[in-house]
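Good morning, and thank you for coming. I would ask you to have the sequence and the structure in view while I speak.

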Amino acid sequence: MHHWQPDPNGPSPRPNGLRPAVFFDRDGVVNACPGPGSYVLSWEQFTFNEGIIEALKLCRQRGYLTVLATSQQGVGKGLMSAAQLEEIHQRMQDHLRIHGAAFDCVKACTCLQSSPDCTCRKPSPEMLLQAAEECGIDLNRSLVIGDAPRDIVMGRNAGLPCSIRILGTKNEQEHPPATYQLHGTAGLPALLAELLHEQRDPSHP
Ligand SMILES: [Mg+2]
């Protein structure tokens with residue numbers, strides 16, 4: 001494990017006006033993993049993981065944008081509709097907003113793994129690149145948090161310098177090295193408090 005310092009000299013000048021972001025995987029990071037081959041099909045099945053609301057709030061307080069990048073193949077499989085997925089995300093955002101922790105951007109790949117036309121499925125960096133374009137994100141100062149190898153590879157494919165792997169929900173032996181590893185999400189706020197330097201940007205709430 002090596003240490004990554006996003007900005008050792010404090011807030012850096014941003015001649016391009018771009019802001020750094022923290023990209024979050026959903027199942028297994030933001031909410032409890034529904035289990036292999038299972039999907040969260042309704043808001044009632046959605047349970048926030050320990051520390052995640054605090055972590056999201058901290059990102060925003062430090063001036064980082066927050067982006068959800070999730071694979072929801074259950075839509076492609078016909079297990080839920082795009083509208084049902086949208087409702088889950090709206091209710092998630094409603095709950096997070098109460099705590100000042102709502103995501104700035106939500107991206108979902110709903111394609112089947114087998115779809116030959118899909119270009120967005122992880123580890124494709126497409127969702128991250130789209131969010132960067134839409135929200136003005138500086139990928140060179142951003143990081144990704146995920147529990148699956150494909151999350152870490154996606155971050156690398158998008159050129160992110162830092163990744164945090166949440167261990168404990170996926171047991172793949174072979175996985176690309178993440179910059180940091182945590183057992184569960186409870187320690188995430190403390191790690192992010194070390195890593196994220198305050199970005200002084202008055203336009204950010
Ligand atoms: Mg996951």
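I shall go from the overall fold to the metal site, then to a pair of helices, and finally to a single leucine.

Please keep in mind that this is a predicted model. The secondary structure of the chain consists of six helices and six strands. If we follow the sequence from its start, these elements come in the order β-α-β-α-α-β-α-β-α-β-β-α. The chain has 205 residues, and 53% of them are buried. Let us also consider contacts between residues at least 6 apart in sequence: 67% of these join residues at least 24 apart.

We now turn to the metal site. Which protein residues act as donors to the magnesium ion? They are Asp25, through OD, Asp27, through O, and Asp147, again through OD. These donors lie 2.1 to 2.2 Å from the ion. Along the chain, their spacing is D-x1-D-x119-D. Aspartate 27 belongs to the loop between strand S1 (21–24) and helix H1 (52–61), while aspartate 147 belongs to the loop between strand S4 (143–146) and helix H5 (149–157); the pair therefore ties together parts that are 120 residues apart in sequence. Are aspartate 27 and aspartate 147 buried or exposed? Both of these residues are buried.

The next topic is helix packing. Helix H1 packs with helix H6, which covers residues 188–195, at an angle of about 15°, and their axes are 8 Å apart. Because angles under 35 degrees count as roughly parallel, H1 is described as roughly parallel to H6. The crossing of these two helices, H1 and H6, is right-handed. On the H1 side, the contact is made by Ile52, Glu54, Ala55, Leu58 and Cys59; on the H6 side, by Leu188, Pro189, Leu192 and Ala193. Sorted by class, the contact of H1 with H6 has eight nonpolar residues, no polar residues and one charged residue.

Finally, I would like to look at one position, leucine 167, which lies in strand S5, residues 162–167. Why does leucine 167 count as buried? Its relative accessible area is 19%, and buried means under 20%. Which residues is leucine 167 in contact with, leaving aside its neighbours within four places in sequence? They are Gln181, Leu182, His183 and Gly184. For one of these, leucine 182, we can also give a separation: its C-alpha atom is 5.9 Å from that of leucine 167, although the two residues are 15 apart along the chain.

Thank you for your attention.

Technical notes: Residues numbered from 1 in each chain as written. Predicted model: local features only at pLDDT ≥ 70, side-chain atom pairs only at ≥ 80, totals over all residues. Heavy atoms only, no water. Donors = N, O, S within 2.8 Å, 3.2 Å for Na, K, Ca; no water. Helix = DSSP H or I, 4+ residues; strand = E, 2+ residues; numbered from the N terminus. Buried < 20%, exposed > 50% of the residue type's maximum accessible area, 1.4 Å probe, protein only. Axes fitted to C-alpha atoms, helices over the stretch in contact; angles between N-to-C directions. Parallel < 35°, antiparallel > 145°, perpendicular 65-115°, else oblique. Left-handed = near helix turned anticlockwise from the far one by under 90°. Contact = heavy atoms within 4.5 Å. Nonpolar A, V, L, I, M, F, W, Y, C, P; charged D, E, K, R; others polar.
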